[in-house]
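Trainee: I'd like to go through this one step by step. Put it up on the screen and I'll start asking.

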Amino acid sequence: MKKLVILTGAGMSAESGISTFRDSGGLWEQYRVEDVATIEGYIRNPELVINFYNERRRQLPAVKPCRGHELVAALEQYFDVTVITQNVDNLHERAGSTKVIHLHGELMKATSTRNPNDPSQIITLDADHMDIHMGDKAADGSQLRPFIVWFGEAVPEIERAAEVSSEADIYVVIGTSLNVYPAAGLVQFVPERAPIYLIDPKDVPWTANHRFRHIKKGASEGMEELTKMLKLIAED
Ligand code: OAD
């Protein structure tokens, strides 16, 4: 089976009702990134940051995967698919995708403030324990924090994502403004022979690059169109 790698961003989940960051009305118009999504912000005011992610997490049970997520999952019938997502929601998994790399962490997980990337410190939250509170402790005794990669922190999954990108036969980018590195740099690892499809209703910085075949549509409509095309090349 051919290797299909799909890099997704906030636009992938927009049709599920989760706000993007940089569109008008996006999250970064309502909150200051420095306050809620940086390690410095967390050190300055941990309660504000913990509550910001508690609020995001509480949205999850109320939203559902969109048609786009479902079509991404359905491509596993035809390809060896790996999803690399910048999203911290769990909508790819809920739609049925089996290989998902979360570059920026996962809302439904919590970890230790002292050793955030130590696998033995990471716990999965559930419907009965949705919120993190000040005073909740990780196994190592430090304050429990959201398992989110904030600006200023290392991105531990980037190496695995770069390796997967470098082995792609076909690459698809959906709903990301490609503003945030190192995620935006992953496309540079894609082999020359692999076509790169881009699904986004707007132009993004690299749209003009001849390697990108831009399907200028939303995630669900764009995935309908792309699925038809990909089925034709699945076995050639
Ligand atoms: P952005 O908000 O920067 O970009 C969202 C992209 O989705 C834009 O290019 C939109 O045009 C596109 N879009 C909007 N509606 C869409 C739809 N219905 N279908 C498809 N695309 C649509 O979000 P990201 O690029 O994901 O990081 O942002 C990257 C990172 O910046 C996030 O992971 C987050 C943020 O700060 C952290 O918090 C660490």
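Trainee: Let's start small. Which residue in β6 stands opposite glycine 105?

Mentor: Keep in mind that this is a predicted model: local features need pLDDT of at least 70, side-chain atom pairs count only at pLDDT 80 or more, and totals for chains, interfaces and linings use all residues. Residues are numbered from 1 along each chain as its sequence is written, and side-chain values use heavy atoms, leaving out hydrogens and water. Now, β4 and β6 pair in the antiparallel sense over five bridges, and two strands count as paired if DSSP finds at least two bridges between them. In β6, the residue opposite glycine 105 is isoleucine 148.

Trainee: Are the residues of strand β6 buried or exposed?

Mentor: Helices (H or I, at least four residues) and strands (E, at least two) are DSSP runs, numbered from the N terminus. Buried means under 20% relative accessible area, exposed means over 50%, and partly exposed is in between, using a 1.4 Å probe and protein chains only. Strand β6 (residues 144–148) is largely enclosed by the rest of the structure, because five of its five residues are buried.

Trainee: Gly105 made me curious about empty space. How much space lies in the second largest pocket?

Mentor: Rolling a probe the size of a water molecule over the atoms shows where empty space is left. On a 1 Å grid over the protein atoms alone, a cavity is a set of points where a 1.4 Å probe fits but cannot get out, while a pocket is an open set with protein on both sides within 12 Å along at least five of seven lines; lining residues have an atom within 4 Å of a point. Grid points are joined across faces, edges and corners, and a volume is the space filled by probe spheres set on the points. For the second largest pocket, that gives about 190 Å³.

Trainee: Which elements give two or more residues to the lining of the second largest pocket?

Mentor: The lining has 13 residues, and the closest to the centre are His102, Gly105, Glu106, Phe147 and Glu157. Sorted by class, the lining holds six nonpolar, three polar and four charged residues; Ala, Val, Leu, Ile, Met, Phe, Trp, Tyr, Cys and Pro count as nonpolar, Asp, Glu, Lys and Arg as charged, and the others, Gly among them, as polar. The elements you're after are β3 (100–102) and β4 (105–112).

Trainee: And the closed kind of space? How much lies in the largest cavity?

Mentor: A search of the whole structure finds one cavity of 30 Å³ or more. Among the residues lining the largest cavity are Arg145, Phe147 and Ile148, and by class the lining has six nonpolar, one polar and two charged residues. The space in the largest cavity is about 60 Å³.

Trainee: On to the open sheet. Which strands stand at its edges?

Mentor: Strands of a sheet pair through backbone hydrogen bonds, either parallel or antiparallel. Here six strands form an open sheet with parallel pairing, in the order β3-β2-β1-β7-β8-β9. Two of them have a single partner strand each, so one side of each is left without a neighbour in the sheet: β3 and β9 (212–215).

Trainee: What is the bridge partner of threonine 85 in β3?

Mentor: Strand β2 (residues 80–85) is mostly covered, with five of its six residues buried. Six bridges join β1 to β2, while β2 and β3 pair in the parallel sense over three. Across in β3, threonine 85 is partnered by histidine 102.

Trainee: Helix α9 packs on the sheet. What angle does its direction make with that of β8?

Mentor: Contact means heavy atoms within 4.5 Å, and helix α9 (residues 219–233) touches β1 (3–8), β7, β8 and β9. Axes are lines fitted to C-alpha atoms, for helices over the stretch in contact, and angles run from 0 to 180 degrees between N-to-C directions. With β8, the direction of α9 makes about 155°.

Trainee: Last one: how far apart in space are serine 165 and phenylalanine 189, C-alpha to C-alpha?

Mentor: Serine 165 lies in helix α8 (residues 158–166) and counts as buried because its relative accessible area is 0%. Leaving aside neighbours within four places in sequence, its contacts include Tyr171 and Phe189. Serine 165 and phenylalanine 189 are 24 residues apart in sequence, yet in space the C-alpha distance is 5.7 Å.
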